[in-house]
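Student: I am new to this structure. Please show it to me, and then let us test the words used to describe it.

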Amino acid sequence: MDLSPILISFKTATIAIIVTFFSGTLAAYLVFRLKNRGLRILLNSLFTLPLVLPPTVFGFFLLDIFGVQQPVGKFLLDFFAVKVVFSWTATVIAAVAVSFPLMYRSAISAFEQIDPDLLAAAQTLGFSEIKVFFKIAFPLAINGLLAGGVLAFARGLGEFGATTMLAGNIAGKTRTLPLAIYSAVAAGDWELAQKYVTIIVFICLLILLLTEIFSSNSRRSHT
């Protein structure tokens, strides 16, 4: 059995969750602290949009951004000699793009469970917004954030549609576990497909167990 899809998937999901965890948490806190209700609704909708779009549609948007004939893709290629499409970097971009909404929604929910009086009291004591975040909001929301991070990691690990559109299915380079399963089935290698399926199901079960632990800790910390 070729182990490269497993290694590529873990490498991709690990880099993606680092980016997604911090960007999703920051975006969620900034939106959470907004006073303008209309703007909050708009940003919530925009940040959650990739969660409801078909993965192939979102993959098309990414391809339209990073394609070598598109402004961003052409700029990266001309000035940095970086071709995103059909590269391992593309698998990371796809994983970040599709896992961000899960992290964002989990972070928003975690921040909304914080007693607003605590945040207000910190501000009356002269805490800056940055200090409120690091001293009050982040520690109180940490279990919810970790639960979201674990789910986002699983989403990045299982990404298929957007990865196929942007990164392709190149053995040893961009072929992740979901793509390896698809390739094995397409080639009629049912035994190999079953092995890959068993691995990813086992990983996802462990991830769900971790999510339940963090979610349970989060609920207890707010009761």
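Student: Where does S87 lie?

Tutor: S87 sits in the loop between α4 and α5. The helix labels follow DSSP runs numbered from the N terminus (helices are H or I, at least four residues; strands are E, at least two). One caution: this is a predicted model, where local features need pLDDT of at least 70 and side-chain atom pairs pLDDT 80 or more, while totals for chains, interfaces and linings use all residues. Residues are numbered from 1 along each chain as its sequence is written, and side-chain values use heavy atoms, with hydrogens and water left out.

Student: Why is S87 called buried?

Tutor: Its relative accessible area is 10%. Buried means under 20%, exposed means over 50%, and partly exposed is in between (1.4 Å probe, protein chains only). The 10% value falls under the buried cut-off, so S87 is buried.

Student: What makes the S87 side chain and K83 a polar contact?

Tutor: The S87 side chain reaches the backbone oxygen of K83 at 3.5 Å. A polar contact is a pair of N or O atoms within 3.5 Å; within protein, one must be able to donate a hydrogen and the other to accept it, and residues adjacent in sequence count only if both atoms are side-chain atoms. The distance of 3.5 Å is at the limit, so the pair counts.

Student: How do you know that V132 is buried?

Tutor: V132 has 0% relative accessibility, so it counts as buried. This residue lies in helix α7. From V132 to I170, the C-alpha distance is 46 Å, with their positions 38 residues apart in sequence.

Student: What makes E129 and R33 a salt bridge?

Tutor: Their closest N and O atoms are 2.8 Å apart. The rule asks for a side-chain nitrogen of Lys or Arg within 4 Å of a carboxyl oxygen of Asp or Glu. The 2.8 Å gap meets that rule, so the name fits. This bridge joins distant parts of the chain: E129 belongs to helix α7, R33 to the loop between α1 and α2 (37-52), and they are 96 residues apart.

Student: Are E129 and R33 buried or exposed, and what decides it?

Tutor: E129 has 35% relative accessibility, so it is partly exposed. R33 has 17%, so it is buried.

Student: How many salt bridges does the whole structure have?

Tutor: A search finds five. Among them is D78 with K74, at 3.0 Å between the closest N and O atoms. Both residues lie in helix α4 (residues 71-80), four residues apart, about one turn of the helix. K74 has 39% relative accessibility and is partly exposed.

Student: Why does K195 with E191 still count as a salt bridge?

Tutor: The closest N and O atoms are 3.8 Å apart, and that is within the limit, so the pair counts. K195 and E191 share helix α10 (residues 190-221), four residues apart, about one turn of the helix. K195 is partly exposed at 39%. E191 is exposed at 54%.

Student: What makes α9 mostly covered?

Tutor: Seven of the 10 residues of α9 (residues 177-186) are buried. Among them are L177, P178 and I181. Just after α9, G188 takes a positive phi of about 80°.

Student: What makes an empty space a cavity?

Tutor: On a 1 Å grid over the protein atoms alone, it is a set of points where a 1.4 Å probe fits but cannot get out; lining residues have an atom within 4 Å of a point. Here one cavity of 30 Å³ or more turns up. Its volume is about 40 Å³, taken as the space filled by probe spheres set on the points, with grid points joined across faces, edges and corners. Lining residues include S9, T91 and E159. Helices α1 (4-32), α5 (88-112) and α7 (129-157) each give two or more residues.

Student: How do you know that 6-32 is a transmembrane region?

Tutor: That label comes from an unreviewed UniProt entry. Positions use the numbering here, feature names are shortened, and annotations may be inferred rather than shown by experiment. In the model, residues 6-32 are 100% helix, with end C-alpha atoms 36 Å apart.

Terms used: On a 1 Å grid over the protein atoms alone, a cavity is a set of points where a 1.4 Å probe fits but cannot get out, and a pocket is an open set with protein on both sides within 12 Å along at least five of seven lines; lining residues have an atom within 4 Å of a point.
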